[in-house]
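This briefing gathers notes on helix packing, aromatic side chains, loop residues and backbone geometry. Please read it with the sequence and the structure open.

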Amino acid sequence: MPLLSLRQPSFTIMGGLLITPDRVIEGSLRATGGRIVALGERLTPAARDILVELDDDCVYPGLINAHDHLELNLFPNIGQGPYPNSYAWFDDVNRRRDDPAIARVLDVSINDRLRWGGYRCLFSGVTTVAHHNPYHARLFGNGFPTRVLRRYRWSHTLRLAGSYGGRAEEEFRKTRGVEPFIIHLAEGVDEVAAGELAELDRLGALQANTILVHGVGLTPGDRALLRARGASLVWCPSSNLFLFRRTADIPSLAGKVRMAVGTDSTLSGRPTLFDELRVADGLGYVDPTTLTGMVTTVPAAMFGLADRAGRLAEGYPADILILARTEADPYRNLIAATPASVRLVFLDGLPRFGDEKFAACFRRCGISFERVRVDGVIKLVAGRFHALLDRVRRSVDALPIRIG
Ligand SMILES: [Zn+2]
């Protein structure tokens, strides 16, 4: 296995706080061949390990963004709410298609827009993203900046199926009750939104493998039904506030329904998952420890990745996010994070994004990288980011993330 050991060498992360995220350990973590092999308080690196030495930084599992549309993240927020439901917003966006702000983004090729979406995930420590649109196997499977959930079925909405994606009942049937089935649902505050969960249930598509996105308009009866069916919810608070000035009734759902946090796209959401976590925290519905679970262990369970993502544990892929410590509480530290405070991100045991001080780690792992100013700080980014940036900037001048 010489090739594997060259590409995914062994490394030991030392001197940080490990947030697993169920517990916090002051210790070290060792990975080899792309997998975590040990973590603990007294861990001795092997002789040939790459040493990743930290200054009291916090080490988290790579984050999971539970809802995104990767190709839609060069847009600014578009629309002027509040709207009664998402369909009214879609109509409004479609009326504005000739707007220069929209037309310029659409001039960028679909593959470049998808790649941009991958980098925006990476810049906020996301190593797995649930992309709500077709899976682009050739692009996502080959050096894409983040891992994209592979096994899923999706429907856009109950009303726009056909124009966007397949019909809920047909797509749900294809899951055979196993794969996750994801649909925007009850995205609004009127009777249209309030009627959608019952309709989904009538179609037989509300089961334990169903993942609803938004749920703003769920009624008390809906919430009980959601719980009874064991389905899950993805909460995208910044998008909900932008479109409707309110979000799902999280306090009524907390502890009863499995819930994760997702960004949605920048058409309606904030620039990064870190921003989204801050919006969620600002609403005061759930504490930072719970929010940390909502971007790690909980979405992993929802998407059938419980044994493969969302944890720092032996046998798990070495998907790792290291953040500078700016807060005493490590969970609040995650909420306070920005792309500038990302020290290093590993995906499958390989560095993808991080501080200049880790250049030797990139080199020893055989990862080519470029220097780029992200959020005001020079960072190392794996891959040919500048070429992408140049192509994007030919059309789009105001980027949602501060680059350069
Ligand atoms: Zn969405």
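**Helix packing, rings and loops**

Helix α4 (residues 110-122) and helix α17 (residues 385-393) approach each other with their axes within 11 Å and cross at roughly 125°. The model is predicted, and the points below should be read with that in mind.

**Helix pairs**

- An angle of roughly 125° between the axes of α4 and α17 falls outside the ranges for roughly parallel, antiparallel or perpendicular helices, and the two are therefore oblique to each other.
- The crossing of α4 and α17 is left-handed, and the contact is made by Asp112, Arg115, Trp116 and Tyr119 on the α4 side and by Phe385, Leu388, Leu389, Arg391 and Val392 on the α17 side.
- A second pair consists of helix α10 (residues 237-244) and helix α12 (residues 273-283), whose axes come within 8 Å and cross at roughly 70°, which makes α10 roughly perpendicular to α12.
- In this second pair, Pro237, Ser238, Ser239 and Leu241 of α10 meet Glu276, Val279, Ala280 and Leu283 of α12.

**Aromatic side chains**

- With ring centres required to lie within 6.5 Å, the count comes to 13 aromatic pairs.
- In one pair, the rings of Tyr135 and Phe140 have centres 5.1 Å apart and planes at 75°, so the pair is edge-to-face, planes over 60 degrees apart being counted in that class.
- The two partners differ in exposure, since Tyr135 is partly exposed with a relative accessible area of 22%, whereas Phe140 is buried with a relative accessible area of 6%.
- Ring pairs also link Trp116, Tyr119, Phe123, Phe353 and Phe385 into a cluster; among these residues, Trp116 and Tyr119 of α4 and Phe385 of α17 also take part in the helix contact described above.
- A charged side chain meets a ring where Arg159 lies over the face of Tyr87, at 5.7 Å from the ring centre.

**Buried loop residues**

- His156 is found in the loop between β9 (153-155) and α6 (168-174), and a relative accessible area of 7% places His156 among the buried residues.
- Apart from neighbours within four places in sequence, His156 is in contact with Phe90, His132, Tyr164, Ile183 and His184, while the C-alpha atoms of His156 and Phe181, residues 25 apart in sequence, are 11 Å apart in space.
- Asp57 has its place in the loop between β4 (50-53) and β5 (58-61), and at 1% relative accessibility Asp57 counts as buried.
- Once neighbours within four places in sequence are left aside, the contacts of Asp57 are Gly15, Gly16, Leu17, Ile322, Leu323, Ala324, Arg325 and Arg343.

**Backbone geometry**

- The peptide bond joining Thr20 and Pro21 is cis, with omega of about 10°, and Pro21 sits in the loop between β1 (11-19) and β2 (24-32).
- Another cis peptide bond runs from Gly81 to Pro82, with omega near 0°, and Pro82 lies in the loop between β6 (63-68) and α2 (86-95).
- Ala186, although not a glycine, has a positive phi of about 50°; Ala186 is placed in the loop between β10 (181-185) and α7 (191-194) and is buried, with a relative accessible area of 0%.
- Asp375, likewise a residue other than glycine, has a positive phi near 60° and is found in the loop between β17 (369-374) and β18 (377-382).

Note on methods
Residues numbered from 1 in each chain as written. Predicted model: local features only at pLDDT ≥ 70, side-chain atom pairs only at ≥ 80, totals over all residues. Heavy atoms only, no water. Phe/Tyr/Trp six-rings, centres within 6.5 Å; stacked < 30°, edge-to-face > 60°. Buried < 20%, exposed > 50% of the residue type's maximum accessible area, 1.4 Å probe, protein only. Lys NZ or Arg CZ within 6 Å of the ring centre and 35° of its normal. Axes fitted to C-alpha atoms, helices over the stretch in contact; angles between N-to-C directions. Helix = DSSP H or I, 4+ residues; strand = E, 2+ residues; numbered from the N terminus. Parallel < 35°, antiparallel > 145°, perpendicular 65-115°, else oblique. Left-handed = near helix turned anticlockwise from the far one by under 90°. Contact = heavy atoms within 4.5 Å.
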